[in-house]
Amino acid sequence: MPLLLLLVLAVVQVALADSALTYRYPKYDVLMAFGDSITQFGFYPANSGYLTHLAQHFHRRMDVVNRGFSGYNTADARRIADLVLPQTQQKAPGTNPGLRRRLLPGSRPHRPTELATTGASGKLWPQGRGNTFPTQEGKLQLCILFFGANDARLEGERHHLPVEQYGDNLRYLASLLRDPDSAHYSPDTRILIVTPPAVGDRMIERTTAPGAQAPIRNNVTGTYAGMAMAVARELGIPHVDLYSAINDAAKTAAAQDTHGTLEGYDRYLVDGLHLSSGGNKLLYDLIIKTIAANWPEMAP
């Protein structure tokens, strides 16, 4: 009986020791998209999500990470940003790493590394452009901030935020990566702001109950798109004007299809707001052009 007890204790001890170990696999650098449902659907295969295109474009160079949250506006994004963005240094004023520790007790600060990696041959592969080998700690190379579709809902709607508050929230999200006092300070991380997309008013009206007010309108969303671009210029951050791009493309599509009743927006939107295959491809093309123009060193 004592021998059996010793065996049981030994097995329990080994199990506890194994549970304390964390397997750390090599990681590529990261492109993260932080946004609402349009980003959440960014890997949706039926509509060829824009993140699917980006993942293909940067394969063997960067991992594309989807941090899209359906129904979220920028106020919601502020509340969860500490759980989304990598922590680069210990607690600093104005941050709340305690929430991260409670929900993700195994998380550790993100510390970028410049160490070379060892290939299968045993030789050291230098870091830099063209290196396709993952490192032990991947760096956040690009963070796409893509909010506004919910903020721009009409006043009285559940997710509505005043446009000034929307702008302040975008500034705050960007500051988490730029402020040296932030626990997420990452001066080498590139930031890209994407405006909310245009809205197909007639498509929205088709899904609105008779006699009810449409929850979102294209001209109102345009105000939020303008604010997103104003914040980007103010902070010196590149931006993608998806709002104007969809409006212009829809106008061209409508001119080619004189029998259409949805003003060409059905080429780029599935329901008047979320992107179709055409809309996702348009956004992907705009992101790649913006990256090439501002950060040519990121070209795979």
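## A capped helix

A polar contact is a pair of N or O atoms within 3.5 Å; within protein, one must be able to donate a hydrogen and the other to accept it. Asn73 supplies a case of this at the N-terminal end of helix 4. One of its side-chain oxygens lies 3.1 Å from the backbone nitrogen of Ala75, and Asn73 thereby caps the helix. The model is predicted.

Helix 4 spans residues 74-84 and is mostly covered. Of its 11 residues, 8 are buried. They are Thr74, Ala75, Asp76, Ala77, Ile80, Ala81, Asp82 and Val84.

## Overall make-up

The protein chain has 10 helices and 7 strands. It counts 300 residues, and 47% of them are buried. The chain exposes about 15700 Å². Carbon and sulfur atoms supply 56% of that area.

How much of the contact network joins residues at least 24 apart? Among contacts between residues at least 6 apart in sequence, the share is 72%.

## The sheet

Five strands form an open sheet: 5 strands in the order 2-1-5-6-7, with parallel pairing. Strand 2 (62-68) and strand 7 (239-240) are the edge strands, and each pairs on one side only. Strand 2 is nonetheless mostly covered, with 5 of its 7 residues buried.

Strand 1 pairs with strand 2 in the parallel sense over 7 bridges. Within this pairing, Gly35 stands opposite Gly68 of strand 2. Strand 1 (residues 29-35) also runs parallel to strand 5 (residues 140-146), and 6 bridges join these two. Here Val30 stands opposite Leu140 of strand 5.

## Two nonpolar cores

In soluble globular proteins, nonpolar side chains tend to be buried together. The largest nonpolar core in this model has 43 residues. Which members touch the most others? They are Leu54, Ile144, Ile246, Leu283 and Ile287. Sheet and helices both contribute: strand 1, strand 2, strand 5 and strand 6 (190-194) each give two or more residues, as do helix 3, helix 7 (201-206), helix 9 (242-256) and helix 10 (277-294). Another core lies apart from this one. It has 29 residues, among them Leu140, Leu145, Leu170 and Leu173.

Ile144 shows how the largest core is knit. Leaving out residues up to four places away in sequence, Ile144 touches Leu31, Met32, Ala33 and Phe34. It also touches Leu54, Leu192, Val194 and Ile287.

## Aromatic pairs

The whole structure holds 6 aromatic pairs. In one of them, the ring centres of Phe34 and Phe69 are 6.3 Å apart. Their planes meet at 80°, so the pair is edge-to-face. Phe34 sits in strand 1 and Phe69 in the loop between strand 2 and helix 4, so distant parts of the chain, 35 residues apart, are linked. Phe34 is buried at 1% relative accessibility. Phe69 is partly exposed, at 24%.

Tyr50 and Phe146 also form an edge-to-face pair, 6.1 Å centre to centre with 70° between the planes. Tyr50 belongs to helix 3 and Phe146 to strand 5, so this pair ties together parts that are 96 residues apart in sequence. Tyr50 is buried at 0% relative accessibility. Phe146 is buried too, at 1%. Beyond single pairs, Phe34, Phe69, Tyr72 and Phe147 form one aromatic cluster.

## Two loop residues

Is Ser186 buried or exposed? Ser186 is buried, because its relative accessible area is 14% and the cut-off for buried is under 20%. Ser186 lies in the loop between helix 6 (163-178) and strand 6. Its side chain makes a polar contact with the side chain of Thr189, at 2.5 Å. Setting aside neighbours within four places in sequence, Ser186 is in contact with Thr88, Leu177 and Arg178.

Ala46 lies in another loop, between helix 2 (37-40) and helix 3 (50-57). Ala46 is exposed, because its relative accessibility is 53% and exposed means over 50%. Ala46 and Ser277 are 231 residues apart in sequence. In space, their C-alpha atoms are 7.8 Å apart.

How values were computed. Residues numbered from 1 in each chain as written. Heavy atoms only, no water. Helix = DSSP H or I, 4+ residues; strand = E, 2+ residues; numbered from the N terminus. Buried < 20%, exposed > 50% of the residue type's maximum accessible area, 1.4 Å probe, protein only. Contact = heavy atoms within 4.5 Å. Areas by Shrake-Rupley, 256 points an atom, 1.4 Å probe, with all protein chains shown as cover. Pairing = 2+ DSSP bridges. Core = buried A, V, L, I, M, F, W, Y, C linked by side-chain atoms within 4.5 Å. Phe/Tyr/Trp six-rings, centres within 6.5 Å; stacked < 30°, edge-to-face > 60°.
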